[in-house]
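Here is a short tour of the model for you to follow on screen. Have the viewer open and pick out each part as we reach it.

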Amino acid sequence: MESWPPGGSGPAEAGPRLRGLRGADLAASASLLSGAGAGAEAGCSAPAVAAVLPAGGSGERMGVPTPKQFCPILERPLISYTLQALERVSWIKDIVVAVTGENMEAMKCIIQRYQHKGISLVESGVTRHRSIFNGLKALAEDQPNCRLSKPEVVIIHDAVRPFVEEDVLLKVVTAAKEHGAAGAIRPLVSTVISPSVDGCLDHSLERARHRASEMPQAFLFDVIYEAYQQCSDYDLEFGTECLHLALKYCHIKAKLIEGSPDLWKVTYKRDLYAAESIIKERISQQICVVMDAKEDEEHVGHRLEEMLKNELNHVKVTSGRDLQQIILEQCYNFVCVNVMTSDFEETQKLLNMLEESNLSILYPVVVISVQFLDYESVPFGQKMENLMQIREFAKEVKKTNILLYGLLVYYPQWETGLLKAIVDLVFS
Ligand SMILES: Nc1ccn([C@@H]2O[C@H](COP(=O)(O)OP(=O)(O)OP(=O)(O)O)[C@@H](O)[C@H]2O)c(=O)n1
Ligand SMILES: O=C(CO)[C@H](O)[C@H](O)COP(=O)(O)O
């Protein structure tokens, strides 16, 4: 576990290139925002979009000394995951984070260490609403030497909701452009009841007719800024709902968007464990098989890939034809098959690329290097040499958070049963 404040114990490491990550879905949604897709059909032009992240709370309900947004999950602060989720969305131009003066330096260390880009920091307020207002002011004011400019649409998202996906961001932004305001909602888990002053039930709400308001929310900037400028001290002190401010002060009825279950707010200590499990599950969902044999060649390596696809039916198994792209899309698990040469050339190439990308600064990257050696043509001495070589590589790359495992298949002749056993052994 990292100590708080972070960054004090060592130099900032180079982080991964997180900006500009795009898969097919991201490209499609970016084109929606740029007016080339459904947005264009609905008459939308591309709005300039910025985001404000309130991150100035103390996390009392978490019950630990470190404010929850800075609590480590897999040794990386929670807020860094949220920033990553937003900054990988190419159409969000600026991200303004509100933090306390006390945590300003620590926040700068996090930005540097994990190489977050396009982030501006402002001082938070004593309540969440005041922190958001400070973030909006930074976007509204054209200050000299300030690179921020007023967006058409602003997203407001809690720093402690790390699992926000591009599709829901796109939905709230598109709806905000049309309706003035929009926010993610979820069905209620429990019924909401109103107690009377004597602690007895006054009335209860019909659960099916109500929803929980979650984040992200998005607003036409002028609407929410006007609402914050007009709202009372009581609102700023005790209010918890930005959509309500837009309704009360600008008469804007927010469009409500169904969100995913992962949008929940990390609030209690158990939420940190839940978040860790979700992250682990996500990074275990994709395996990339890299091999040095040509695709049309009949080789056991290809059968290994086939078998992985069949055995691991919840996991996306891709072949590493465009490795650079796969690394950019943040795959953390690799099976590297060396068939052409006996000196781990393919593995070495992969390790170099991984090290250059700095991907492993975010999570450990697992590489299983499989080498098939023909029993008849490779002498026993070479087998031992190969084993020693992979151990040396493993020691070296462990320093950069890459976990390398070697699997040497010294086979007398090809047998499907043998390969199946290997696959079971390694991946069960
Ligand atoms: N003065 C404040 C209070 C809260 N927040 C931020 O608003 C988000 C949601 O608020 P909440 O979950 O209530 O956070 P805390 O106030 O930190 O938690 P608690 O209520 O348990 O103290 C968090 O990202 C939090 O850091 C903020 O920017 N400024
Ligand atoms: O869920 C929300 C939608 O409005 C807010 O995140 C929530 O209201 C924040 O309130 P608090 O700071 O009191 O937890």
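Let's start with a pair of strands: six bridges join β14 to strand β15 (residues 365-374), and the two run parallel. One place to look is N338, which stands opposite Q371 in β15. Please keep in mind throughout that this is a predicted model.

On another pairing, β14 meets strand β12 (residues 286-291), again in a parallel arrangement, here with four bridges. If you want a residue to click on, M291 has V337 of β14 as its bridge partner.

How is β14 placed relative to the rest of the structure? Six of the six residues of β14 (residues 333-338) are buried, so the strand is largely enclosed by the rest of the structure. In a regular strand, side chains alternate between the two faces of the sheet. In β14, N333, V335 and V337 point one way, while F334, C336 and N338 point the other way, and all are buried.

Now for the wider view. The protein has 15 helices and 16 strands, and buried residues make up 35% of its 428 residues. Of the contacts with a separation of 6 or more, 75% are between residues 24 or more positions apart.

In soluble globular proteins, nonpolar side chains tend to be buried together. Here the largest nonpolar core has 66 residues, and V154, I155, V172, F219, I224 and A246 touch the most other members. Take I155 as an example: leaving aside neighbours within four places in sequence, I155 is in contact with V49, A51, I92, L169, V172, V173, P216 and A218. Apart from the largest core lies another core, of 24 residues, and F334, V365, I402 and L404 are among them.

Two ligands come next. Of the 23 residues around ligand 1, those that come nearest are P54, G56, G57, R61 and S131. Around ligand 2 you will find R128, D158, S213, E214, M215, T240, E241, C242 and K265. Strand β10 (residues 211-220) gives the largest share of the ligand 2 shell, three residues.

The table sets out both shells by residue class.

| Shell | Nonpolar | Polar | Charged |
|---|---|---|---|
| Ligand 1 | seven residues | 10 residues | six residues |
| Ligand 2 | two residues | two residues | five residues |

For ligand 2, then, the five charged residues sit alongside two polar and two nonpolar ones.

Definitions and conventions:
Residues numbered from 1 in each chain as written. Chains lettered and ligands numbered in written order. Predicted model: local features only at pLDDT ≥ 70, side-chain atom pairs only at ≥ 80, totals over all residues. Buried ≥ 20, exposed ≤ 12 C-beta atoms within 10 Å, placed from the backbone. Contact = placed C-beta atoms within 7 Å. Core = buried A, V, L, I, M, F, W, Y, C linked by C-beta atoms within 7 Å. Near = placed C-beta within 6 Å. Nonpolar A, V, L, I, M, F, W, Y, C, P; charged D, E, K, R; others polar. Pairing = 2+ DSSP bridges.
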